[in-house]
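Here is a quick tour of one protein chain, heading by heading. Have the model open as you read.

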Amino acid sequence: MAKTKWAVDPAHSSVDFSIKHMMIANVKGSFNSFDAEITADPADLTTADITFNVSLSSVDTRNEDRDNHLRSADFFDVENHPKMTFKSTSIVSKGDDEYDVTGDLTIHGATKTETFTVTYEGSGKDPWGNEKVGFTAAGAIKRSDYGLTWNSALETGGVLVGDKVKIDLQIQAAKAE
């Protein structure tokens, strides 16, 4: 397959995260608005160009009060920093359709280099003849690296919100016309 442009299908894709809450459980959430610019040969991602944008105001943890707090200046400060972006800088094959995708992740005005494990899940044609590809991506970041340091001490010791954020993407993309 040649290097071509791909458009993310948001109806068949997701951007999810989880973070430790009260040091005893994980809270999960999603971002419901995102887009990407992908130019790639899905059979060999090492030459791909990937830019991924997430609208931080679309955060959804199934709790309106918590979502509003996450949008506030205590966390994402979406009024001043409406997007999270990732731009690939290096892609290394690990074999078996797995890649280490390294790039610049920008959140809350801070940019850090992060690496995510990406798996090419396959390709096919939908019932209307459109060529589709699937990918999964997983990784973890420290929110404190991006200035997201709000927290609250617990009476029993520890803190309310963990520092490590696990990230999980399920991506289906269509070959762009």
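## K94 and its partner

K94 has a relative accessible area of 44%, so it counts as partly exposed. Keep in mind that this is a predicted model. K94 pairs with D100 in a salt bridge, with 3.6 Å between the closest N and O atoms. D100 is partly exposed too, at 25% relative accessibility.

## A buried charge network

The whole structure holds six salt bridges. Three residues, D9, D126 and K132, are tied together in a network of them. K132 reaches D9 with the closest N and O atoms 3.6 Å apart. That pair brings together distant parts of the chain: K132 sits in strand 10 (residues 131–142), while D9 is in the loop between strand 1 (4–8) and strand 2, 123 residues apart.

K132 also bridges to D126, this time with 3.8 Å between the closest N and O atoms. As for burial, K132 and D9 are both buried, and D126 is buried as well.

## Overall build

The protein has one helix and eleven strands, running β-β-β-β-β-β-α-β-β-β-β-β along the sequence. Its radius of gyration is 17 Å, which agrees with the value near 16 Å for a compact globule of 177 residues. Along the principal axes, the C-alpha atoms fill a box of roughly 55 × 30 × 30 Å.

Of the 177 residues, 42% are buried.

## The surface

About 9,600 Å² is exposed, with carbon and sulfur atoms supplying 49% of it. M22, M23, I24 and V159 make a nonpolar surface patch with about 380 Å² of accessible area together. M23 lies in the loop between strand 2 (14–21) and strand 3 (25–31).

Key. Residues numbered from 1 in each chain as written. Predicted model: local features only at pLDDT ≥ 70, side-chain atom pairs only at ≥ 80, totals over all residues. Heavy atoms only, no water. Patch = residues over 30% accessible without salt bridge, like charges linked within 9 Å, V, L, I, M, F, W, Y side chains within 5 Å. Areas by Shrake-Rupley, 256 points an atom, 1.4 Å probe, with all protein chains shown as cover. Salt bridge = Lys/Arg side-chain N within 4 Å of Asp/Glu carboxyl O. Helix = DSSP H or I, 4+ residues; strand = E, 2+ residues; numbered from the N terminus. Rg over C-alpha atoms; globule rule 2.2 N^0.38 Å. Buried < 20%, exposed > 50% of the residue type's maximum accessible area, 1.4 Å probe, protein only.
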